[in-house]
Each structure stands twice: as C-alpha cells, then as structure tokens.
Amino acid sequence: MLVTNKLSPNYSKKLRKKNKIRFIIIHYTGMQSEIESIKRLKNLKSKVSCHYLINRKGIIMRMVDEKYEAWHAGKSKWKNLVNLNKYSIGIELVNKGHKIRYENFSNTQIKSLIKLCSKLKRKYKIKKENFLGHSDIAPLRKVDPGEKFPWKQLSKFNIGVWYKTRKLEIFKKTRDENNAKIFFKNLRKIGYRYFNISKRKRSDARIIKAFKSRYLQEDLSIKIDQKTLKISHFLANC
Ligand SMILES: [Zn+2]
C-alpha cells in the first residue's frame, strides 16, 4: 500500500494513547480539485486537516500522524461521545461534493480505502460499527460522504454495519402515526444525536437524510416509510 506524505500543520500537538483511537470517520473533500483540497488541508489558517487523503487514482496521502488528533470532524456527537476528533482517524476522499458536482467515487479510490481501513481496523481493533460518515456524527451540518458512498460494499469487509434484507421481514408493521417516534428512538440507540425523541423539529429532516444517504441511498425523501423503519429496527437491535 503506497502512502506518500503531505504533512499538515493542523493538529493537536499532544500525543494520544493508542487505545483512544476507536473510530474511523469518512469524508469527502467537497472542493473543485485535488490540488485545492491539499492546499486547504495544509493551510495553517484553515485549521482543518485529516489523517489520510485518498485521491481519485487511489493514491493515499498521509497528512497527520495517527498519534495526534487531526481536525476533521468539528462539532460532533455519537452515542455519549462529544467531539469525535479525539477518538478517531479521519479519512478524506477527493470528490467535488454536492455543492459543486457530486461524483461517483472511483473504483481505485474505494479499493485503497478498503485496504487502509482494514489495516487500521487490525492495528487499533476498531469495531465494524465504529466506521462512520461525517454526516452520521454531525448530521445538521454535514452531508459527506453522501449517497454515492458504497457502504454496502464496504460492509462485506466488516467496515461499517449493514442490514440483512431477509431479516427485515421479522419486524411487524407499525401504525403510521407512530413511525417518527419509533424511528428516532432507534436512531438514538444506533448512536445518532442532535434531535429529541418525542418532539419533532424542522431540523429532523437532516437527520432522516443522513440516515437514508447511508442505508437507503435510492430514496432520499424525508418520508419514514416501513422499509426505513425496519432498517432502523435492524440496526438498533443488531
Ligand atoms: Zn467531512
């Protein structure tokens, strides 16, 4: 696995213990080009970075040593953790993103990502459920890596969780008026935050979208239908 160095000055200088690293967070760069992305990630003023950047040709660039906290996640929550930078390794994939022109991730890019994730999984004993997207941990602010990111494919390598279609049928149909509450209860159990289980808010739409862009990529509406609900049941109970 070829890794080249493009070191960024944007990281916390205090060393962290190996056992602190429990999550891998996946991002896309969301910029016009790879060169611009690297520039930004290396610019002291931008105050952003990541541990690894993977370009469209699948070349992996190390930007911050894993021993230090890189600044990729920003304000974020998952389960009872706040500020996931402390506990994670951040991986950026070069992709123009939704604001410019969201594109498919390239095959070589995903191949390199799988290799890198497998290596980190072994090294830090990272659980498969702890591979998350930026939108999972900051759903009100972030949409990356988005609906083109191949979570299902990655789950075959035990990177991230996925559901078993044939097991969805064991969950009974619920009355439609209860769907939202049950759905959000499940999401809370899975680890999502930034919502209230019993009080619906406008920002809930972003949470639903974050969930669907990962698990129901063919339907990005904010409707919580039976399939959406059943997937959330499965993931909350697996
Ligand atoms: Zn991101």
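In what order do the six strands of the open sheet lie, and what is the sense of their pairing? In this predicted model, the order is β1-β5-β4-β9-β3-β10, and the pairing is mixed. The edges of the sheet are formed by β1 (3-5) and β10, each of which pairs on one side only. From one strand to the next, the twist averages 30°. In general, the strands of a sheet pair through backbone hydrogen bonds, in either a parallel or an antiparallel sense.

Several of these pairings can be described individually. Strands β4 and β9 run parallel and are joined by three bridges; within this pair, Ile-54 has Leu-93 of β9 as its bridge partner. Strand β9 also runs parallel to β3, and six bridges join the two. Here the bridge partner of Phe-23 is Ser-88 in β9. Strand β3 in turn pairs with β10 in the parallel sense, over three bridges, and Ile-25 is matched with Leu-132 of β10.

The surroundings of β3 were examined next. This strand is mostly covered, with six of its six residues buried. Burial extends to both faces of β3: Phe-23, Ile-25 and His-27 lie on one side, Ile-24, Ile-26 and Tyr-28 lie on the other, and all are buried.

The largest nonpolar core comprises 36 residues, of which Ile-24, Ile-25, Cys-50, Tyr-52, Leu-53 and Ile-91 touch the most other members. Two or more residues of this core come from each of the strands β3 (23-28), β4 (52-54), β9 (88-93) and β10 (131-133), and likewise from each of the helices α1 (34-42) and α2 (107-124). The contribution of β3 is the greatest, at five residues. Apart from this core, a second and separate one of 16 residues is present, including Ile-207, Ala-210, Phe-211 and Leu-229.

Within the largest core, Tyr-52 is one of the residues that touch the most other members. When residues up to four places away in sequence are not counted, Tyr-52 touches Ile-60, Met-61, Arg-62, Met-63, Ile-91 and Leu-116. Among these contacts, Ile-91 is itself listed with the residues of the largest core that touch the most other members.

Taken together, the sheet and the largest core share several elements. Strands β4, β9, β3 and β10 follow one another in the sheet order, and these strands each give two or more residues to the largest core.

Definitions and conventions. Residues numbered from 1 in each chain as written. Predicted model: local features only at pLDDT ≥ 70, side-chain atom pairs only at ≥ 80, totals over all residues. Core = buried A, V, L, I, M, F, W, Y, C linked by C-beta atoms within 7 Å. Buried ≥ 20, exposed ≤ 12 C-beta atoms within 10 Å, placed from the backbone. Helix = DSSP H or I, 4+ residues; strand = E, 2+ residues; numbered from the N terminus. Contact = placed C-beta atoms within 7 Å. Pairing = 2+ DSSP bridges. Axes fitted to C-alpha atoms, helices over the stretch in contact; angles between N-to-C directions.
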